Amino acid sequence: MSSAIAIVGAGPRGVGILERMGASAPELGPDGLDVHLIDPYPPGAGRIWRHEQSPLLAMNSMAADVTMFTDETVICDGPIVPGPSFWEWAQELRTRGDPDAIGPELAAELRSVTASTFPSRRLQSAYLAWVLRDVIAGLPPGMRAHLHRTRAVDLAEDGDRQLVRLENGGTLRVDAVVLASGHLDATPTDDERALAARAADAGLTYLPPEQTTDSDLSVIAPGETVLVRGLGLAFIDLVVLLFEGRGGRFEPDGDGLRYVPSGAEPRLVAGSPRGMPYHSKPHYGLRAGRPPLPRFFGPAAVDPLIASGGPVELHTQAWPLMAKEIAWGWYHELFVGHPGRVLMPWAEFAARYAGLGWDSPAMAQLIAAAVPDPVDHIDLTALDHPLDGVRAPDLAALQPLVRERIAEDLRQHVDPAHTPHLGAFVAMLSVFGEVTRLAGSGVLSARSRARDLSWWQSFFNAVASGPPGFRVRELLALSRAGYVAFLGEGMWIDTGVDGGDVVFRAGSASLPDAPPVTTRALVDARLPDPSAARTTDPLLANLLAGGAVSEEVLRDTDGTVLRNTGLIRVRPADGALIDAAGHPHPRRFAVGPHTTVKVAGAFTRPGMNAQSLRYNDAVARAVLRSLPGARAAAA
């Protein structure tokens, strides 16, 4: 019996689901299976990784750290089907393939790529397009893939069949649907709309949260001073497009860079709650190999929390073990990879460390006795609050203080003497997967989900999702040249009157006595907060209006609404959509950042038993089992 599936979204998430379906179809699938991938953007790359974007924009992962395929470390129910990482694909293409087939510019880049290069997003687009072609070519007999370069706008039911209406006027009749659309646009929040209205009335320029690559930056005039709220990856993209993208360039200058202006660039004054850009991605490999993980925050610790039925408080009950796990990754790399910098054998340190409570006086004594240099001590508080206590009388006096901290952080992330940062990074990935499992179990209290879970996601992004080091060097050059200034931690923004004109005003906790910075332009450099209610995606909007999907609303024990996360509720085990009545749909599924299951990225590092690959496998197998023609053995 032949069946059909629609995957809405043909970027890396959708392709990852297709690959896992192909792996398990011989075991679980029907005799005939048609899979329809629906996306108005290029298949394989999708919107974020499409070729049609600035060639200046780079990935924030090294070539050797990107794969779409399972390997021997991945623990999942489906078959392991290895495939090349980005770096392996690049080597194969330039030695045995035809690099010129991807175009002269990308071919030139491909020939210069190394394992530690941070490739352009355009070259990643070529890899992802190849992955899709390879996955389709490797589908088992009887399984076919169909690509639809259009948008899905509605979803209805006809008995057990799912009717996917397309923007081009067509309708697909399928048995199951997977929503894999990635980051979704949303209309502004009430606060953003009010700010935009005040800006429009006063003739100010305001760019609300959106994909930076899709923003109309022409409204920012050369020489204009612009406030920027947000120092994450969207901020890095903004800087690239406003400076190099307008003809500026960077030249070597001693150990750093010097910025040569084009005359078309603005001046940015940027801030955020933490006040510093995300920590740079490590530029080195592990000397000690992968830390033995999980150790303190794995199933042995998380399963009892889940079994308790809750309510569980992440900060008090889980964080001490999470922090101990992250530090375990750090110290394993330090002791085993840099034994000359410690005063104790790893086996002795590990045994004593295991018996101590996180951040206890006894643990502090152990670390002080075994690790003589304080720079080799992990400091999670400093990673989370890098400008804590930094104060200055004015903006100019603050700049060298912030640059000093950014430069030292960069040094430690590019100097192979400091590979413990990478050990902690790997441990954070392990912790992230277990936190996702804990959050998905439903045992966290509403207060903990509203407060602690959002803090953890922010902390993880700041430490583990930062830019390449060369971008940080460029940012430091721009700051030294006076084109980028940092407001410090605890940024605030409002509107006010200056000289009779309405302006944006901004300050921070780092500048308690300084007059506010005033400008006529403001950019919110971040993605929109997820929101099904405010989504501009017609399919999701229609499903929400009909009660077929529901947003996660966190309520206190007395029923008070603590927070509407805007995320689509899904069943954690398999991504099944949960409707407004709380019922999971048997044949509708969703994966991605717009759902309540947070997975660290659509692609991942090889050799890490990656959560994203495991979850793709679980969802793909659930979808196959839902089909009317699924093999009897699958039941």
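Three strands of this predicted model line up as an open sheet in the order E14-E15-E16, with antiparallel pairing. Strand E14 (492-498) and strand E16 (517-519) stand at the edges with a single partner strand each, so each has one side without a neighbour in the sheet. On average, neighbouring strands here are turned by 35° against each other, if you ignore direction. After the sheet, we'll look at a helix, then at some aromatic rings and the charges that sit over them.

**Inside the sheet**
- E14 pairs with strand E15 (residues 501-507) over seven bridges, in the antiparallel sense.
- Want a spot to look at? Find Gly-496, which stands opposite Val-503 in E15.

**Helix H15**
- Helix H15 covers residues 469-480, which makes 12 residues.
- From its first C-alpha to its last, H15 reaches 17 Å, close to the 16 Å expected at 1.5 Å a residue.
- Is H15 largely enclosed or not? Nine of its 12 residues are buried, so H15 is largely enclosed by the rest of the structure.
- The buried residues of H15 include Gly-469, Arg-471, Val-472, Glu-474 and Leu-475, and the list goes on with Leu-476, Ala-477, Leu-478 and Ser-479.
- Which elements help cover those buried residues? Among them are two helices, H6 (233-242) and H12 (395-414), along with strands E10 (249-253), E11 (256-260) and E13 (484-486).
- After H15 comes Gly-482, which has a positive phi, near 90°.

**Aromatic pairs**
- The count of aromatic pairs comes to 26.
- One of them joins Trp-89 and Tyr-127 in a tilted arrangement, 5.5 Å centre to centre with 55° between the planes.
- That pair links distant parts of the chain: Trp-89 belongs to helix H2 (residues 86-96) and Tyr-127 to helix H4 (residues 121-137), 38 residues apart.
- Are these two residues buried or exposed? Trp-89 counts as buried because its relative accessibility is 5%, and Tyr-127 counts as buried at 0%.
- Another pair is Trp-328 with Trp-346: the ring centres are 4.9 Å apart and the planes are at 50°, so this pair is tilted.
- Trp-328 lies in helix H8 (residues 314-337) and Trp-346 in helix H9 (residues 346-354), so the pair ties together parts 18 residues apart in sequence.
- Trp-328 is buried at 5% relative accessibility. Trp-346 has a relative accessible area of 19%, and since buried means under 20%, Trp-346 is buried too.

**A cluster of rings, and charges over rings**
- Trp-328 and Trp-346 also turn up in one aromatic cluster, together with Phe-296, Tyr-331, Phe-335, Phe-349 and Tyr-353.
- Which charged end sits over the ring of Trp-328? That's Arg-295, 5.5 Å from the ring centre.
- Arg-267 has its charged end over the ring of Tyr-483, 4.5 Å from the centre.

**A look at Thr-95**
- Helix H2, where Trp-89 sits, also holds Thr-95.
- Is Thr-95 buried or exposed? Its relative accessibility is 57%, so Thr-95 counts as exposed.
- Between Thr-95 and Lys-281 there are 29 Å in space, C-alpha to C-alpha, and the two are 186 residues apart in sequence.

Notes: Residues numbered from 1 in each chain as written. Predicted model: local features only at pLDDT ≥ 70, side-chain atom pairs only at ≥ 80, totals over all residues. Heavy atoms only, no water. Phe/Tyr/Trp six-rings, centres within 6.5 Å; stacked < 30°, edge-to-face > 60°. Helix = DSSP H or I, 4+ residues; strand = E, 2+ residues; numbered from the N terminus. Buried < 20%, exposed > 50% of the residue type's maximum accessible area, 1.4 Å probe, protein only. Lys NZ or Arg CZ within 6 Å of the ring centre and 35° of its normal. Pairing = 2+ DSSP bridges. Axes fitted to C-alpha atoms, helices over the stretch in contact; angles between N-to-C directions. Expected span 1.5 Å × (residues − 1). Contact = heavy atoms within 4.5 Å.
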